[in-house]
Amino acid sequence: MKTQVVINVTTHMIMCVVTAVGSMHDLTLFRHSGVHLHPETALIGDAGYQGIWREHGHSITPHKVTRARPLTPEERQENRALASTRLRVEHVIRRLKIFRVLKDVYRHRRRRFALRVNLIAAVCNHAIAGTA
């Protein structure tokens, strides 16, 4: 089971949850999800979203290192800044994975997986809104 979560970095709220059955690449799931963002909205993705700038021009992904071309100090600094921003996103994902259904291997009915993920996201949003 594959899950994609769209999170607002400033409010820590889960904006959208998309699920897919089976193994699927992150960028393929984004393309099939139908998630449309405003062109001025910055989209921050991890290394699995390399090439997302073709669909969304204002996107940021970390620089990749290869044997032939190591990272420059500027690229390394940009990756650190991006990682510190993504840390907030990872904290929200941690809130989702506190629920055992999402942490372990999903052994229930597959057609109800999307419903359960959406309900857990709603509970997490409610908890975040209550603490703000």
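Biologist: Which residues are exposed on the other side of α4 from its buried ones?
Modeller: This is a predicted model, in which local features need pLDDT of at least 70, side-chain atom pairs count only at pLDDT 80 or more, and totals for chains, interfaces and linings use all residues. Residues are numbered from 1 along each chain as its sequence is written, and side-chain values use heavy atoms, with hydrogens and water left out. Exposed means over 50% relative accessible area, buried under 20%, and partly exposed in between (1.4 Å probe, protein chains only). On that other side of α4, the exposed residues are Leu115, His126 and Gly130.

Biologist: How large an arc do the buried residues of α4 cover around the axis?
Modeller: The buried residues of α4 are Phe113, Val117, Ile120, Ala121, Cys124, Asn125 and Ile128. They lie on the same side of α4 because their arc (taken from the directions from the helix axis to the C-beta atoms) is only 145°.

Biologist: Which elements are included in what covers the buried residues of α4?
Modeller: Helices (H or I, at least four residues) and strands (E, at least two) are DSSP runs, numbered from the N terminus. The cover of the buried residues of α4 includes β1 (2-7), β2 (14-20), α2 and α3 (100-103).

Biologist: Is Asn79 buried or exposed?
Modeller: Asn79 belongs to helix α2, residues 73-97. Beyond its neighbours within four places in sequence, Asn79 is in contact (heavy atoms within 4.5 Å) with Pro62, His63 and Leu71. Its relative accessibility is 17%, and therefore Asn79 counts as buried.
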